Amino acid sequence: MSRPFDLAYAAATARTAQMPEFRPAEAPAARALAPANAGACRRDCETCAPSRNGLHRVCVADSLDGLDALKEAWETLEREAAAPLTPFQSFAFCRAMAETMLKAHPDYRLHVICVRRAADDAPLLILPMEIETHAGVRVARWLAGPAVQYGDVIAAGLPDDDALKAAIDSAGIGGRADVFDFRNIRQDAAIAPFLARTGHATGVTSEAPFVDLTRGTELDAVLAPQPAKRKKDRRRKWRRIAERGDTRFEVVGPGPRAAALMRQALAFKLDWLEANGLVSRALSRKWVRDGLVAVAATAPATRLSVLSVDDDVAAIEVGFVEGRRYHAFMGAINAAHGEVSPGELQTEETLSWCLDGGMERYDFLPPVQRYKLGWAAQTETVANYALSRSWRGWLYARLYLGFAEPRMKEAFHRLPAPARQLLARLFGQAATESAAR
């Protein structure tokens with residue numbers, strides 16, 4: 001998300017989120033498995049079946065109990081992953097977000113797929129999805145979709161095509177999906193080669209700016225591409241904020257204080273959005289906000305960077321650390337200190353903290369925004385793909401995901417600023433009312 005709601009792009013996604021209208025996926029009729037299959041599985045809270053080639057067993061969890069049953073296998077696969085890990089598919093992140101969604105919508109459908117090797121029952125991969133119905137089309141998307149900035153499979157090593165095909169075939173196990181909507185796929189994602197070969201590219205390819213922290217051991221070396229004028233301007237801002245009181249910077253890990261700071265960051269962000277006539281598709285949903293608070297309290301990857309003036313919080317950045325990568329998820333500032341750009345100063349301090357901690361990349365996450373490019377000299381391509389499972393899914397992938405949705409966003413961006421702000425207010429209210437139901 002990386003301050004993902006700082007521009008009118010958020011309003012465009014809110015608009016497309018309303019067309020077609022969301023409703024939870026219909027509960028499918030019970031799908032009886034052959035007694036031999038069910039007996040061989042011996043798994044509670046999961047629906048299982050053998051893959052078509054008999055090499056794998058595919059199990060689908062559609063409840064919190066099923067999610068919890070996968071915890072050990074999930075976290076083992078996280079540790080053994082070959083591709084750079086994404087915090088958005090970690091067990092802790094997905095568990096917290098799923099629980100808040102289920103509380104808001106009891107008929108919400110989880111679709112968490114675990115593919116195991118048939119010979120020894122060893123878990124090979126987990127694909128954490130959810131199923132929603134859009135205009136009669138059942139769409140499988142990343143679990144906690146509105147908050148997910150990178151999507152990937154969790155797998156030991158690089159998953160082979162047979163195992164991934166078995167996972168996609170799970171569309172008929174424990175639920176039914178017409179199409180898999182895979183968004184925000186990095187080039188280095190474990191699932192990227194499979195989707196590039198078998199999927200249908202949808203939407204507009206985006207870029208994720210990042211700072212390469214291996215350029216040096218000092219911040220000046222890492223930020224060498226920055227113009228001298230920008231560095232001088234930042235020193236001036238430091239002098240101005242120091243005139244307001246004693247400044248203090250800290251990074252807070254998961255726990256009760258992080259949860260309280262997350263609430264404060266969300267309040268700052270919502271105030272900023274309202275003041276600028278913008279809306280966030282994710283933050284307009286109370287369950288997403290509640291989920292992020294739960295993530296801050298429990299997810300080991302959570303880090304909140306806080307810049308304070310005396311005892312007053314001036315800027316907060318919500319980030320996640322996975323391996324040697326820092327992911328800048330959401331930034332928020334206290335409007336009372338807006339004149340001195342506290343968010344920029346907090347980013348500088350967070351970059352220094354990442355260097356001191358041995359991080360190799362400070363990832364601003366997609367999409368590209370001007371303020372990100374002021375820090376980052378490099379970007380990574382992020383793509384969207386769809387895999388259809390029925391004729392409805394084929395039409396949805398090509399007509400809506402591949403054609404209508406990106407053009408609606410493009411048309412929105414071409415509107416004059418006052419018109420964008422008006423639409424943001426109108427559709428933001430609709431999104432909030434929809435989420436409250």
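**Exercise 1. Decide whether Glu 132 is buried or exposed in this predicted model, then find its side-chain partner.**

Step 1. Place the residue. Glu 132 sits in strand E5, which covers residues 123–134.

Step 2. Check its accessibility. Glu 132 has 3% relative accessibility, so it counts as buried. The cut-off for buried is under 20%.

Step 3. Look for a partner. The side chain of Glu 132 makes a polar contact with the side chain of Arg 141, at 2.9 Å.

**Exercise 2. Explain why Trp 74 counts as buried, and list what it touches.**

Step 1. Locate it. Trp 74 belongs to helix H4, residues 71–80.

Step 2. Apply the cut-off. Trp 74 counts as buried because its relative accessibility is 0%.

Step 3. List the contacts, leaving out residues up to four places away in sequence. Trp 74 touches Leu 67, Gln 89, Ser 90, Phe 91, Cys 94, Val 112, Ile 126, Pro 128 and Ile 154.

Step 4. Add a C-alpha distance. Trp 74 and Ala 156 are 82 residues apart along the chain, and their C-alpha atoms are separated by 10.0 Å.

**Exercise 3. Find which residues touch the most other members of the largest nonpolar core.**

Step 1. Take the core. It holds 88 residues.

Step 2. Pick out the residues. Leu 127 and Phe 182 touch the most other members.

Step 3. Ask which element gives the most to this core. The answer is helix H5 (residues 91–104), with nine residues.

Step 4. Trace the contacts of Leu 127 beyond four places in sequence. They are His 111, Val 112, Ile 113, Trp 142, Val 153, Ala 167, Ile 168, Phe 182 and Ile 191.

Step 5. Note that another core lies apart from the largest one. It has 16 residues, including Val 222, Tyr 326, Leu 351 and Phe 364.

**Exercise 4. Describe how helices H10 and H11 pack.**

Step 1. Set the geometry. H10 spans residues 256–275 and H11 spans residues 286–298. They pack at about 145 degrees, with axes 7 Å apart. The crossing is right-handed.

Step 2. Name the residues in contact. H10 supplies Ala 258, Ala 259, Met 262, Arg 263, Leu 266 and Leu 270. H11 supplies Arg 289, Leu 292, Val 293, Ala 296 and Ala 297.

Step 3. Sort them by class. Nine are nonpolar, two are charged and none is polar.

**Exercise 5. State how much of the chain is buried and how its contacts are spread along the sequence.**

Step 1. Count the elements. The chain has 15 helices and 15 strands.

Step 2. Read the burial. Of 437 residues, 54% count as buried.

Step 3. Read the contacts. Among those between residues at least 6 apart in sequence, 74% join residues at least 24 apart.

Technical notes. Residues are numbered from 1 along each chain as its sequence is written. This is a predicted model: local features need pLDDT of at least 70, side-chain atom pairs count only at pLDDT 80 or more; totals for chains, interfaces and linings use all residues. Side-chain values use heavy atoms; hydrogens and water are left out. Axes are lines fitted to C-alpha atoms, for helices over the stretch in contact, and angles run from 0 to 180 degrees between N-to-C directions. Helices (H or I, at least four residues) and strands (E, at least two) are DSSP runs, numbered from the N terminus. A crossing is left-handed if the near helix is turned anticlockwise from the far one by less than a right angle, and right-handed if clockwise. Contact means heavy atoms within 4.5 Å. Ala, Val, Leu, Ile, Met, Phe, Trp, Tyr, Cys and Pro count as nonpolar, Asp, Glu, Lys and Arg as charged, and the others, Gly among them, as polar. Buried means under 20% relative accessible area, exposed over 50%, partly exposed in between (1.4 Å probe, protein chains only). A polar contact is a pair of N or O atoms within 3.5 Å; within protein, one must be able to donate a hydrogen and the other to accept it, and residues adjacent in sequence count only if both atoms are side-chain atoms. A nonpolar core is a set of buried Ala, Val, Leu, Ile, Met, Phe, Trp, Tyr and Cys residues joined through side-chain atoms within 4.5 Å.
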